[in-house]
Amino acid sequence: MKKILFSFFVAAILGVTSEKAFAQFEKGDKLLNAGINLGGTYGGGGVGLGASFESGVHDFISVGAQADFITWNYGTFGYKWRYNFFTVAARGSYHFGKHFLTMDNLDLYAGPALGYRISSYSTPDGYGGVYNDGYGSGVFFGAFAGARYYFKPTMGVFAEVGYNASPLKAGITFKF
């Protein structure tokens, strides 16, 4: 009998604390992601850094901005080229968690991004040849799906995949 009562007590305490400590996404939440970008949307690979900030405007919707930098090198037959991409975009996310998740510390989301990508190109050996800044700068359209896992009430990890500034982003997330 003592074991059963103790089990109910522990379950009740965990249920109350987990609801407050790891609440699902809610209106008014402010989310900051910072991490690394792997790959590039043009298929050139590369690595970079990125950050995004979103604010909850509804129980399921957040809006914000992102900034990402990706660089990659290409070389063949002794020639080398370096491509750099800097992307600034507005973004929005739809948070799916309250629809079907029972894990309070997991936030699943997806959404679009719209902004501007600045592309630059350099060649350390001075040979441009047929390779140039063919990617060009211009309007950027992106789409992503992601997950945040909170191991503390205001801190966790995140990962995003999709056609965004990079095919894969991962890093640390903060909730304010």
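Mentor: Two strands count as paired if DSSP finds at least two bridges between them, and in this predicted model β7 and β8 are joined by seven bridges and run antiparallel.

Trainee: What makes β7 and β8 a pair, and which residues stand opposite each other there?

Mentor: The cut-off is at least two bridges, and β7 and β8 have seven, so the two strands pair. One of the opposite positions is M155, which faces F174 in β8, and the hairpin that β7 and β8 form has four residues between the strands.

Trainee: How do you know that β7 also pairs with β6, and how many residues join the two?

Mentor: Nine bridges link β6 to β7, residues 155–163, in the antiparallel sense, and with at least two required, the two strands are therefore a pair. A143 stands opposite Y163 in β7, and the hairpin from β6 to β7 passes through two residues.

Trainee: Which strands pair with β1?

Mentor: β1 pairs with β2 in the antiparallel sense over nine bridges, and N37 stands opposite G48 in β2. Eight bridges also join β1 to β8, residues 168–175, again in an antiparallel run, where L31 has K175 as its bridge partner.

Trainee: Why is G39 called buried, although G39 lies in the loop between β1 (30–38) and β2 (47–56)?

Mentor: The relative accessible area of G39 is 16%, and buried means under 20%, so G39 is called buried. G39 touches G45, G46, I70, S166 and P167, not counting residues up to four places away in sequence. The C-alpha atoms of G39 and A165 are separated by 8.7 Å, although these residues are 126 residues apart along the chain.

Trainee: Why is V139 in strand β6 called exposed?

Mentor: The relative accessible area of V139 is 58%, and exposed means over 50%, so V139 is called exposed.

Trainee: What makes V139 eligible for a nonpolar surface patch, and which residues make that patch?

Mentor: Patch residues need over 30% relative accessible area, and V139, at 58%, meets that cut-off. The nonpolar patch of about 770 Å² is made by F69, F86, V88, L114, Y116, I118, V139 and F141. The elements giving two or more residues to the patch are β4 (79–95), β5 (106–122) and β6 (138–152), and β5 gives the most, with three residues.

Terms used: Residues numbered from 1 in each chain as written. Predicted model: local features only at pLDDT ≥ 70, side-chain atom pairs only at ≥ 80, totals over all residues. Heavy atoms only, no water. Buried < 20%, exposed > 50% of the residue type's maximum accessible area, 1.4 Å probe, protein only. Contact = heavy atoms within 4.5 Å. Patch = residues over 30% accessible without salt bridge, like charges linked within 9 Å, V, L, I, M, F, W, Y side chains within 5 Å. Areas by Shrake-Rupley, 256 points an atom, 1.4 Å probe, with all protein chains shown as cover. Salt bridge = Lys/Arg side-chain N within 4 Å of Asp/Glu carboxyl O.
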